[in-house]
Amino acid sequence: MVDRVDERERRRGRAAPRGSMAVGLLCTVVLAGVGYVAWELRGIAANRADGDPARGVYQQDPERADKTAAAVLDGIVREDPEPPTDGRAFSAAGTVDWRYAGWQPSDPLEARPAPAEPAIGALFSPGGDGDPDHHCSAVVVHSPQGDLVATAAHCVYTGGFRTNLAFAPGYQDGVAPYGIWVPTRIDVDPRWTRDQDPDHDIALVRLRRPGNPGQRLEDVTGALTMDFGTELPAPARVMGYPNYAEQPLECRNTAVPAGPTQVRLDCADVPNGTSGGPVTTGRGTLIGVIGGRDGGGDEETSYCVRFGDGARALYERATTS
């Protein structure tokens with residue numbers, strides 16, 4: 001039997017930025033030997049880069065990115081040579097699948113396993129950074145270049161930009177049916193890199209698929225459209241990948257304002273790893289990604305940054321620079 005306190009802590013781990021997990025691990029293994037801890041610290045540092053924190057921009061080294069993709073495919077994930085061609089939840093234009101036409105709140109209001117969807121996936125970070133294989137979630141968003149995902153800023157920048165990121169859209173049970181994609185560029189707001197302002201816990205990441213030059217992510221998976229002016233309250237859904245599970249969870253309820261800059265959605269058991277997962281309306285538009293206040297919430301509530309002028313400016317920078 002799992003101790004109830006341990007289970008509660010496992011579920012509420014999402015409330016701390018991902019870097020906190022690595023620190024906790026290091027503190028635990030000190031008793032096992034200083035040498036091991038030093039090695040682990042070097043591993044974490046090796047997977048961070050300064051980039052341009054004043055602008056909130058990191059240009060990924062292609063060779064380093066290719067090595068990350070190879071590490072993910074080396075015993076962690078396998079690609080499906082014949083990916084599914086039907087059952088998409090969203091088209092490239094963000095059209096809602098028939099399953100969402102009759103939206104209603106979850107009953108009870110708690111997250112439950114859900115089928116994987118092409119435009120939503122898991123973020124992997126192989127290497128000695130103290131995190132599980134997949135530590136966060138992300139969602140493909142419509143862009144002119146067709147290569148953009150949104151996630152939480154704390155998933156890609158904690159003490160530096162992560163250099164060991166890979167995205168597996170539609171991931172489930174160890175299979176990446178739409179391939180492994182790696183960053184070419186990461187954009188966050190400078191107010192996040194400066195002092196981790198929870199009102200700017202959003203990141204936009206441009207991606208490419210190693211070995212497939214010219215292939216556009218959005219053409220493969222479809223995409224959601226970012227909505228910068230949704231009126232609240234509104235019917236909404238959260239979805240993401242727990243870092244201890246191999247398929248996503250989802251929960252539906254009414255999204256309400258949590259002050260002028262945050263969105264709140266009360267659903268229990270949305271655990272660690274779901275940070276960066278999409279918060280969508282009943283129409284299928286994206287109004288946020290899990291993160292922001294309290295690192296994204298606790299065991300009863302999820303938060304996201306409300307897409308406003310700051311998110312719009314970030315999107316424009318990521319798609320025009």
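User: Which way is the disulfide of C136 and C155 handed, left or right?
Analyst: First, the ground rules: this is a predicted model where local features need pLDDT of at least 70, side-chain atom pairs count only at pLDDT 80 or more, and totals for chains, interfaces and linings use all residues. Residues are numbered from 1 along each chain as its sequence is written, and side-chain values use heavy atoms, with hydrogens and water left out. C136 and C155 form a disulfide (a pair of cysteine sulfur atoms within 2.5 Å), with their sulfurs 2.1 Å apart. The torsion about that S-S bond is about -80°, so the disulfide is left-handed.

User: How many residues apart in sequence are the parts that C136 and C155 tie together?
Analyst: C136 sits in strand β6 (residues 134-141), while C155 is in the loop between β7 and β8 (161-162). Strands here are DSSP runs of E with at least two residues, helices are runs of H or I with at least four, and both are numbered from the N terminus. The pair therefore ties together parts whose separation is 19 residues.

User: What is the relative accessible area of C155?
Analyst: The cut-offs are under 20% relative accessible area for buried, over 50% for exposed and partly exposed in between, with a 1.4 Å probe and protein chains only. C136 is buried at 0%. C155 is buried too, and its value is 0%.

User: How many residues apart in sequence are the parts that C251 and C267 tie together?
Analyst: This disulfide has an S to S distance of 2.0 Å, and with -75° about the S-S bond it's left-handed. C251 lies in strand β14 (residues 249-257) and C267 in the loop between β15 (262-266) and β16 (278-281), so the parts tied together are separated by 16 residues.

User: What pattern do the disulfides of the chain follow?
Analyst: The structure holds two disulfides. Counting bonded cysteines along the chain, the pattern is 1-2, 3-4.

User: Which strands are at the edges of the open sheet?
Analyst: Seven strands make up the sheet, in the order β2-β11-β12-β7-β6-β5-β9, with antiparallel pairing. Two strands count as paired if DSSP finds at least two bridges between them. The edge strands pair on one side only, and they are β2 (57-59) and β9 (166-169).

User: Which residue of β9 stands opposite F124?
Analyst: Strand β5 (residues 120-124) pairs with β9 in the antiparallel sense over four bridges. Opposite F124 in β9 is A166.

User: At what angle does helix α7 run to β11?
Analyst: Helix α7 (residues 309-320) lies across β2, β7 (148-151), β11 (182-188) and β12 (203-208). Axes are lines fitted to C-alpha atoms, for helices over the stretch in contact (heavy atoms within 4.5 Å), and angles run from 0 to 180 degrees between N-to-C directions. Helix α7 runs to β11 at about 145°.

User: What is omega for the peptide bond from L232 to P233?
Analyst: P233 is in the loop between α6 (217-221) and β13 (234-240). The bond from L232 to P233 is cis, with omega near 0°.

User: Is D173 buried or exposed?
Analyst: D173 isn't a glycine, yet it has a positive phi of about 55°. It is found in the loop between β9 and β10 (175-176). With 55% relative accessibility, D173 counts as exposed.
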